Amino acid sequence: MPGSVLGLDLGGFAARVAKVESGGVVVLANEMSVRETPTVVSFPSSQKGVRSAGASSQPHLITQAKSSVGQVSHLLGSNALKRDHIELQQDTVDKLMQDGGLQLVIEGQNQVLQPEQIIASFFTHLRKTVVDAAKEENEKQADDYYVLTVPHYFTDAERAALLDAADIAKINVMAVVNSLTASALAYGYFQRNLPTPGPAGIPVPGPQDTASNQQALTERPRQVIFVDFGYGGLRAALAEYTSAGFRILSRAGDRHVGGQQFDDRLAKHFVEKFNGQYAKQISKGQVPPLSAARHRKAFAKLLTAAEKTK
């Protein structure tokens with residue numbers, strides 16, 4: 001098969017691209033020499049007809065909020081309007097239209113883009129990261145193949161929308177894998193001396209086994225819990241391992257509990273603290289009360305500071 005096999009993890013806050021090499025797996029660095037890329041797409045007014053994505057677009061969420069959007073992976077699928085959007089920042093919710101698209105100001109005019117189109121723009125940006133990495137290694141250009149990871153609670157509609165975005169970006173997708181299944185696979189790949197499976201999945205020592213390894217052979221399958229506390233959700237999976245392979249026994253998750261909720265609570269705490277500290281000045285009209293709805297740019301900066309504090 002020509003080309004390389006890459007893994008692409010599209011998170012709510014950032015994405016990562018990893019490449020299989022002879023020495024193992026390497027996470028590729030972006031244009032900022034950072035190994036994770038913010039999932040942000042913007043259409044800056046200063047660059048007509050030019051789309052910006054990734055790290056260079058993150059400041060635009062504050063300076064050009066109406067022309068920028070993040071967290072688009074949360075809006076994939078036909079059921080986007082049926083959610084309560086607790087996991088989304090208010091700026092993203094305000095851009096959401098009745099048809100599930102997002103209204104952005106592009107070159108001074110309101111335009112509606114579907115989440116698949118925006119994700120495709122972001123995928124195109126990530127492809128450039130892969131191409132630049134290949135040039136640095138003096139590798140020949142070839143068609144690459146991608147394995148995409150998604151949360152286990154992604155519905156069929158969300159997975160189909162993600163594949164549509166990949167098709168628009170001309171990304172060759174080999175498979176879509178649950179993120180925690182990928183973590184469990186990576187863990188098991190490097191493990192040695194796993195229990196040998198016996199009848200009913202319980203390892204049983206054979207007559208040829210020595211006394212030194214009978215204890216290991218009589219152990220039950222090794223069980224490991226994997227937890228992913230991401231920016232947009234909390235996920236956990238229980239995996240069972242033997243020398244013959246592994247299986248996922250159970251999964252659980254909550255797409256409304258993540259790092260973003262911590263940021264939001266911290267930011268709102270400081271808003272309340274500010275308004276309480278300057279209550280007298282606010283009551284006299286000397287200082288306007290700080291509000292997330294009325295002071296979008298200030299609150300966005302506060303969220304950024306809260307994320308760093310966390």
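**Figure 1. Helix α5 gives the largest share of the lining of the largest pocket, namely seven residues.** The model shown here and in the following views is predicted. The largest pocket has a volume of about 1,300 Å³, and of the 45 residues that line this pocket, Asp 9, Thr 149, Ser 179, Ala 182 and Ser 183 are the closest to its centre. Besides α5 (179–189), the elements that each supply at least two residues of the lining include β1 (5–10), β2 (14–21) and β3 (24–27), together with β10 (145–150) and β12 (222–229). When the lining of the largest pocket is divided by class, 25 residues are nonpolar, 13 are polar and seven are charged.

**Figure 2. The largest cavity encloses about 50 Å³ of space.** Two cavities of 30 Å³ or more are found when the whole structure is searched, and the lining of the largest cavity is shown in this view. The residues that line the largest cavity are Ala 15, Arg 16, Val 17, Leu 28, Ala 29, Asn 30, Val 34, Arg 35, Glu 36, Thr 37, Leu 126 and Thr 129. Two elements, β2 and α3, give two or more residues to this lining, and β2 provides the largest share of the lining, with three residues. By class, the lining of the largest cavity is made up of six nonpolar, three polar and three charged residues.

**Figure 3. The second largest cavity holds about 30 Å³ of space.** This cavity is lined by Leu 10, Thr 39, Val 40, Val 41, Val 72, Ile 118, Ile 119 and Phe 122. The elements that give two or more residues to the lining of the second largest cavity are the strand β5 (40–42) and the helix α3, with α3 supplying the largest share, three residues. Seven of the residues that line the second largest cavity are nonpolar and one is polar, whereas none is charged.

**Figure 4. Helix α3 (residues 115–136) and helix α4 (residues 156–168) have axes that come within 8 Å of each other.** The two axes cross at roughly 50°, which makes α3 oblique to α4. In this arrangement α3 passes α4 in a right-handed crossing. On the side of α3 the contact is made by Glu 116, Ile 119, Ala 120 and Phe 123, and on the side of α4 by Ala 161, Leu 162, Asp 164, Ala 165, Ala 166 and Ile 168. The residues of the contact of α3 with α4 fall into eight nonpolar and two charged, with no polar residues. Ile 119 of α3, which takes part in this contact, also belongs to the lining of the second largest cavity.

**Figure 5. Helix α7 (residues 259–277) and helix α9 (residues 296–309) cross at roughly 120°.** The axes of α7 and α9 come within 8 Å, and the two helices are therefore oblique to each other. The crossing in which α7 passes α9 is right-handed. The residues of α7 that make the contact are Asp 263, Asp 264, Leu 266, Ala 267, Lys 268, Phe 270 and Val 271, and those of α9 are Phe 299, Leu 302, Leu 303, Ala 306 and Glu 307. By class, the contact of α7 with α9 contains eight nonpolar residues, no polar residues and four charged residues.

Key. Residues numbered from 1 in each chain as written. Predicted model: local features only at pLDDT ≥ 70, side-chain atom pairs only at ≥ 80, totals over all residues. Heavy atoms only, no water. 1 Å grid on protein atoms, 1.4 Å probe; cavity = no way out; pocket = protein on both sides within 12 Å on 5 of 7 lines; lining within 4 Å. Points joined across faces, edges and corners; volume = space filled by probe spheres on them. Helix = DSSP H or I, 4+ residues; strand = E, 2+ residues; numbered from the N terminus. Nonpolar A, V, L, I, M, F, W, Y, C, P; charged D, E, K, R; others polar. Axes fitted to C-alpha atoms, helices over the stretch in contact; angles between N-to-C directions. Parallel < 35°, antiparallel > 145°, perpendicular 65-115°, else oblique. Left-handed = near helix turned anticlockwise from the far one by under 90°. Contact = heavy atoms within 4.5 Å.
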